[in-house]
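The following exercises concern the helices, loops and backbone angles of a single protein chain. Each task is followed by a solution in steps.

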Amino acid sequence: MSASDNFANWSHFPMGPQLRRYLGITESEYTGHQTDRPSDEEHSLFRHELEHLISKQAPADQKEFVDLLEELTAMGLSSVVVKLADTYPQYALDSDFRACLALGSALMMESELDEAIVLLRQAHALAPMEAAPCANLAAIYYALEQDQEALQWADAGLQVDANNVRLWELIASIYLIEDKATAADRLRSKAEQCHAYAGYSLAAELMDPNDKLLKAQLLEEAYSAGIRDDEFLIEYTAALGLAQQFEKIPQLVWRLEHMEKKAVHWKLYVHAAQAYLALDQNEQAQQMIRLAENTPGVSASVVHDLSQVYESQALH
């Protein structure tokens, strides 16, 4: 009996292309992208049947082996990942970054922390410019209450990805444990060192989650330091709106377009339109709405809702 015969009734289960290929589920049979999240019972049964199949059907080659490790880890099927690695030791692990990261992450989910540390350290050695092994190692050492080791790995991760929210939250947790009174200031100082808007944003939350102006002011420091990636600019302009500093948002968009000659994300045009509406500058708001409409990737529903607000306001 083929894999497709065994798993034909699982064609509705959400899974990636590598696992579908391994199970013999064709693209025409697959409906997992149309179904709701599986129940815990269904997830458990699928895992059990998959572990049984793995004991009988080897991956075709090293590539399929690693692809399956990676995809099964992303699906949260950590016990299946461990089963796959244990069943087929002939496939290389220690020389493959993706394999080390996937199996290390799966072992972490299975609370096999000593083994996870070995593999995640190997993953970091193979690809030191990847943040994921550092983030997982920081989380493991934090769970083991080895906070200084956790901070060292968090710092290593921030050197690769300065705005990794997961790492900033871990650092904040350690600072709060060490001294709640100084945690926010320490986090702000670290954000300054790293030029990290994620750090500034979290520092503002620690200082006063209800002070919208404070968050805008801290994010302005990141803007003044030259940070210009879309994710930051979207968060910054949203913070300016919440702080009612509406006039700064169109100025920022104009500067990006005309002085810095950068492509403007559609969400920035939307924030500028909302700012103009708040300032009762309806003509300028309409211009921003039109620019948003013509920007690649724009959400039609957002523009529709914004246009309705504009039309309602224009009538009054």
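The model is predicted.

**Exercise 1. A positive phi in a loop**

Determine whether Asp280 counts as buried, partly exposed or exposed, and state where in the chain Asp280 is found.

Solution. Step 1: the relative accessibility of Asp280 is 60%. Step 2: residues over 50% are classed as exposed, and Asp280 therefore counts as exposed. Step 3: Asp280 is found in the loop that lies between helix 16 (266-278) and helix 17 (282-293). Step 4: most residues other than glycine have a negative phi. Step 5: Asp280, although not a glycine, has a positive phi of about 60°.

**Exercise 2. A second loop residue**

Establish the place of Ser111 and the sign of its phi.

Solution. Step 1: Ser111 is in the loop between helix 6 and helix 7. Step 2: its phi is positive, about 65°, although Ser111 is not a glycine. Step 3: with a relative accessible area of 56%, Ser111 is exposed.

**Exercise 3. The span and surroundings of helix 8**

Check the end-to-end distance of helix 8 (residues 132-143) against the expected span, and identify the helices against which its buried residues pack.

Solution. Step 1: helix 8 has 12 residues, and at 1.5 Å a residue it should span 16 Å; the expected span is 1.5 Å times one less than the number of residues. Step 2: the end C-alpha atoms are 17 Å apart, which agrees. Step 3: nine of the 12 residues are buried, so that helix 8 is mostly covered. Step 4: the buried residues include Pro133, Cys134, Leu137 and Tyr141. Step 5: the buried residues pack against helix 6 (97-109), helix 7 (113-126), helix 9 (147-160) and helix 10 (165-178). Step 6: helix 8 is followed by Glu145, whose phi is positive, near 60°.

**Exercise 4. The packing of helix 9 and helix 10**

Describe the relative orientation of helix 9 and helix 10 and the composition of their contact.

Solution. Step 1: two packed helices are described by the angle between their axes and the distance between the axes. Step 2: helix 9 and helix 10 pack at an angle of about 150°, and their axes are 10 Å apart. Step 3: this makes helix 9 roughly antiparallel to helix 10, because angles over 145 degrees count as such. Step 4: helix 9 passes helix 10 in a left-handed crossing. Step 5: the contact is made by residues including Leu151 and Ala154 of helix 9 and Trp168 and Ile171 of helix 10. Step 6: by class, this contact has 10 nonpolar, two polar and two charged residues.

Definitions and conventions
Residues numbered from 1 in each chain as written. Predicted model: local features only at pLDDT ≥ 70, side-chain atom pairs only at ≥ 80, totals over all residues. Heavy atoms only, no water. Helix = DSSP H or I, 4+ residues; strand = E, 2+ residues; numbered from the N terminus. Buried < 20%, exposed > 50% of the residue type's maximum accessible area, 1.4 Å probe, protein only. Contact = heavy atoms within 4.5 Å. Axes fitted to C-alpha atoms, helices over the stretch in contact; angles between N-to-C directions. Parallel < 35°, antiparallel > 145°, perpendicular 65-115°, else oblique. Left-handed = near helix turned anticlockwise from the far one by under 90°. Nonpolar A, V, L, I, M, F, W, Y, C, P; charged D, E, K, R; others polar.
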